[in-house]
Amino acid sequence: MLDDSTPKYLNSPDTVIYNKSRNLFALNLAKNTKLGRIVLTEGYMDTISPYQAGFDCAVASLGTSLTADHAKLLSRFTKEVVICYDADSAGVQAANRAIPMLEGGGDLVRGFSI
């Protein structure tokens, strides 16, 4: 049964070897897309669903908000990022924080809410 006794998401901590702020989920797949853009989603399942539908260009930050390191990493592989966050207030706020970081890296940013 789901209740409010545990966090919605339980994330593992960063380590010396692995830092979530410098990695994106599924970038290993999306970096080879022929679509010319990468779709930035909020979470793992939001990223997996497009792959199941035949799209090969989705990534997600790893349980963290988008960081400047994430934006820099994205700009290495694409010049167009489509932000596809939830349309709730948290998703809108996260998109508003992400847009300047992505534009600062020279990326064209588009938005889409679900």
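Select Val 39 in strand β2 and then Ala 58 in strand β3, because these two residues are bridge partners, strands here being DSSP runs of E with at least two residues and helices runs of H or I with at least four, numbered from the N terminus. This is a predicted model, in which local features need pLDDT of at least 70 and side-chain atom pairs count only at pLDDT 80 or more, while totals for chains, interfaces and linings use all residues. Residues are numbered from 1 along each chain as its sequence is written, and side-chain values use heavy atoms, with hydrogens and water left out.

Widen the selection to β2 (residues 38-41) and β3 (residues 58-61), which run parallel and are joined by 3 bridges; two strands pair if DSSP finds at least two bridges between them. Add β4 (residues 80-85), which runs parallel to β2 and is joined to β2 by 4 bridges, with Thr 41 standing opposite Cys 84. Within β2, Ile 38 and Leu 40 point one way and Val 39 and Thr 41 the other, and all are buried, that is, under 20% relative accessible area, whereas exposed means over 50% and partly exposed lies in between (1.4 Å probe, protein chains only).

Next, select helix α4, where Gly 91, Ala 94, Ala 95, Ala 98 and Leu 102 are buried. At Ala 98 the helix bends by about 25°, and Pro 100 follows within four residues; the bend is the angle between axes fitted to the seven residues ending there and the seven starting there. Just after α4, look at Gly 106, which takes a positive phi of about 90°.

Finally, go to Val 16, which lies in the segment before β1 (24-25) and is exposed, with a relative accessible area of 88%.
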